[in-house]
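Got the model open in your viewer? Switch to a cartoon view, colour by chain, and follow along.

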Amino acid sequence: MTLLQVENLKKVYADGTAALGGIDFKVEAGEFIAVIGPSGAGKSTLLRCLNQMVGPTSGKVIFQGADTINAGNRKLRQIRREMGMIFQGFNLVERVSVLTNVLHGRLGYMSWRGALGLYSKSDIQEATRLLERVGLGEQIHKRADELSGGQQQRVGIARALAQKPKLILADEPIASLDPAASEVVMNSLYTFCKEDGIACLCNLHQVDMAKKYATRIIGIYKGTKVFDGTPEQLTDEMIELIYNQNKGGGADGLSAGEGVNDSSRGLPVQKETVLA
Amino acid sequence: MKGEQLQRVRRTKRNQLLLFLIILAVLTIWSAVGTDFTPGALWGGIGDGARFLFVDLMPPNVSEFPGLIQPALDTIYMSFVAMVIGSVIAGLLSIFAAATTSPHPALQIGLRAFSAMFRNIPVIIWTILLVASFGLGKLVGTLSLLIVSIGMLVRCYAESLEEIDMGQIEALRSTGASYWQIITQAVLPQFMPSLVGWSLYNLEINVRASTIVGMVGGGGLGFTIQSGMKLFQYKEVSMAVLLVLCIVLVTEFMTNRIRERII
Amino acid sequence: MVNLSKVNIRGAKPNRASKSKNNRSLKMYGVIGGLFFIFSLIQLQLDYSRLLPGILKFGKTALLMFPPDASEWTHVLLAAVESVQVAILGTVLGIILAFFLAFLAADNIAPNRVISWLIRSLASLLRAIPTLIWALIFIVAVGMGPLPGVLAITVGAVGSLIKVFAQSLEEVDEGVIEALRSTGASWLQIVLQGVLPVALSALFAWCVMRFEGDLAESTILGAVGAGGIGYELSHAMRSYQFDQALFVGFVIFMMVFSVELVSNRLKLKMRKRA
């Protein structure tokens, strides 16, 4: 069965900017897909439409046979807990311990106990194991904001893994990191996804990283899919096309980056991102 | 061209400032006329005030001290109890009153208006109102302080809640966490320092306000001061004022220390 | 009424303890606070049996307030105007006095340490005694009417403004002062040319906030006999004319609330510019 199926996905923000103009693709179990494209192309909106952090305007998102867009509150939580998410800004709860941050990955499986922070013994053991796995076994009782950027992102990965997800959505996971830390983070993300058989959809800015890790690459330009193929198929001409389509278009292309909400320009804190 | 523009902006700014100062001066003069105020009256008032302060009020009657301990302690207890209960209630309400965490915009507006009413009716009026139905005493004092604490804290808490990092909330939402899980696990840790900060500030305000509350029947040192004034027992009054002074300064000192330690 | 940046400013001292340690002391203070809360509740010996009847009676009183009686509106509005005048005059006088004293009190530009310390202590004394008590003192000293109100507001404003003015002046970049001093500028020149222009907008913000607080204070001063609308309110309450009291209360609410709205707008504007 196809893990994730996206059909004709469209998103127009309240201010009228069209972020996604009808996107189709499928994700099979175990794939590691890199999504590339210039800033403002709609990569971040695309990812957030998949787990309904942003409500799409129209289209279909079918995850493991379940319709995400029309899912009720309870069903949506079940869907979300099986899709881990990793953020450009790490988005750890800074004032609590590293361990607690990983345990947050279990919240989708819990009820009021989660609200009180009463995690089960097995969850704590599992979280500790995950932290050791990402190489932070020494840091589990530190406050999250005492870690370096690279370490924080590894906590973010551990949090996503704690969800026991079938799919991980990674939104520019290395855009805020230096090259060395980027390498470590991408490496762990790739390894863990492979080892645990998790599919990954990863927004990337760096084409070289995409080519190095991805099993498949999707190119997005101005909210539409312009490329979908293997890393080998992504020729230099193709890259040129994805990033510089606007060359002929002149001023038109310059405006592509404006308005459209991309995570590299700060989170899309529209009404949609507010608690629901 | 650019220099010209700059100069024009500067000129309008200067004119605006000038206009503002003129309006302020006119308002001040209008107020002075309306309140029969003259520089002479100010000078005389300060003189009379100083004479009263240093001659009639001094020295404080220290022998009254033992009798003032209980009212002084009551002042502290009332302020603290009102602060704690107020923080808990305001904490809950502010979650619904902040744009970032409110489940519904209507709830948000309703609660804001509600807290504005609590806050903008001065504490002394609340006390006068409550005395009519609850009788004199510490219960009324505590309740009035509680009401204004809630009014103030809902506003301050909600403003802090609106400044929290939405990324952390987004992250928990993406794990499938429910509304209350997000509130306790992502919002509360971020909110804690400002919650404590505002509550301590509220305690300082309560300590001051409790004297006022006492004057109209809410118990504590304020009552002692008011009745002392009426009976012309100025030396006792000054002893009570001295105690108020001590309590306020000590509270301020302690809250500052705590704030430094935890924020 | 509420001072927004106070908490931040006061908490801004550098803190050397590690962050996890901060979390621990937060918990410790939480436990101590909880214990003191229980202790206070026990010590207060509140009569809870009065709570329910009180609430019922309060409900009845509240019903007596409707419909509000606006028949005395000219009288009430005149008193309201007097309150506003008391607030304006008191705040302006307070600003003028505090403005000069703050320059002598701010650590970085004070010409004399002893004077600076004296002014600061005086300010905290003035501040620590509530305005209403100042009003009581001035009423005894100069008699009833708006004058004791103006004086009380002035004293309270001087106390709090010296502190915040000095704080804002101390935030002025040390480099600016040093640069001017190196040119051989006199103290007055440094203050007028270097410090004042930098700190001016912050001082202005404090003034607005102070006026917000002072207006709220001035509306209640009448309750102890210092002029203004507060007298109308306490008079109506004491003579059990609750419907009139509600009207007066409504006017007071509108006064305080409208100033809060205006100052919120100003604060937003200032924040945007900053």
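Start in chain A and select the six strands of the open sheet ordered S6-S7-S8-S3-S9-S10, whose pairing is mixed. (Strands here are DSSP runs of E with at least two residues, helices are runs of H or I with at least four, and both are numbered from the N terminus; two strands pair if DSSP finds at least two bridges between them.) At the edges you'll find strand S6 (83–86) and strand S10 (224–229) of chain A, each pairing on one side only. Going from one strand to the next, the twist averages 20°. Angles on this tour run from 0 to 180 degrees between N-to-C directions, with axes as lines fitted to C-alpha atoms, for helices over the stretch in contact.

Before moving on, a word on what you're looking at. This is a predicted model, where local features need pLDDT of at least 70, side-chain atom pairs count only at pLDDT 80 or more, and totals for chains, interfaces and linings use all residues. Residues are numbered from 1 along each chain as its sequence is written, chains are lettered from A and ligands numbered from 1 in the order in which they are written, and side-chain values use heavy atoms, with hydrogens and water left out.

Now zoom in on S6(A) and strand S7 (residues 167–171) of chain A: they pair in the parallel sense over four bridges. Show Ile86(A) as sticks and you'll see Ala170(A) of S7(A) opposite. Next, add helix H6 (residues 149–162) of chain A, which packs on the sheet and touches S6 and S7 of chain A. The direction of H6 makes about 170° with that of S6(A). (Contact means heavy atoms within 4.5 Å.) Then bring in helix H7 (residues 179–196) of chain A, lying across strand S3 (32–36), S6, S7 and strand S8 (199–204) of chain A. H7 runs at about 160° to S8(A).

Stay in chain A for another sheet. Which order do the four strands take? Select them and read off S2-S1-S4-S5, an open sheet with antiparallel pairing. Strand S2 (18–27) and strand S5 (66–67) of chain A each have a single partner strand, so one side of each has no neighbour in the sheet.

Walk across this sheet pair by pair:

- Strand S1 (residues 4–12) of chain A is joined to S2(A) by seven bridges, running antiparallel; try Leu9(A), whose bridge partner in S2(A) is Ile23(A).
- S1(A) and S2(A) form a hairpin with five residues between them, and Gly16(A) in the turn has a positive phi of about 100°.
- S1(A) is also joined to S4(A), antiparallel, by five bridges; Gln5(A) stands opposite Ile62(A) in S4(A).
- Strand S4 (residues 58–63) of chain A meets S5(A) through two bridges, again antiparallel, with Phe63(A) opposite Ala66(A) in S5(A).

While you have sticks on, remember that in a regular strand the side chains alternate between the two faces of the sheet.

Over to chain B. The domain assignment (automatic or from a database) gives domain 1 (2–56) and domain 2 (68–262). Their C-alpha centres lie 33 Å apart. Now pick helix H9 (residues 221–230) and helix H10 (residues 234–262) of chain B, whose axes come within 8 Å and cross at roughly 155°. H9(B) and H10(B) are therefore roughly antiparallel, an angle over 145 degrees being the cut-off. Their crossing is left-handed, meaning that the near helix is turned anticlockwise from the far one by less than a right angle (clockwise would be right-handed). Among the residues in the contact are Leu221(B) and Ile225(B) of H9(B), and Val237(B) and Val241(B) of H10(B).

Last stop: chain C. It has 11 helices and zero strands, and its C-alpha trace spans about 70 × 50 × 40 Å along its principal axes. Its assigned domains are domain 1 (17–53) and domain 2 (67–273), with 33 Å between their C-alpha centres.

Select helix H7 (residues 146–170) and helix H9 (residues 187–221) of chain C: the axes come within 9 Å and cross at roughly 150°. That crossing is right-handed. Where they meet, look for residues including Ile153(C) and Phe165(C) in H7(C), and Trp206(C) and Arg210(C) in H9(C).

Technical notes: Angles under 35 degrees count as roughly parallel, over 145 as roughly antiparallel, 65 to 115 as roughly perpendicular and the rest as oblique.
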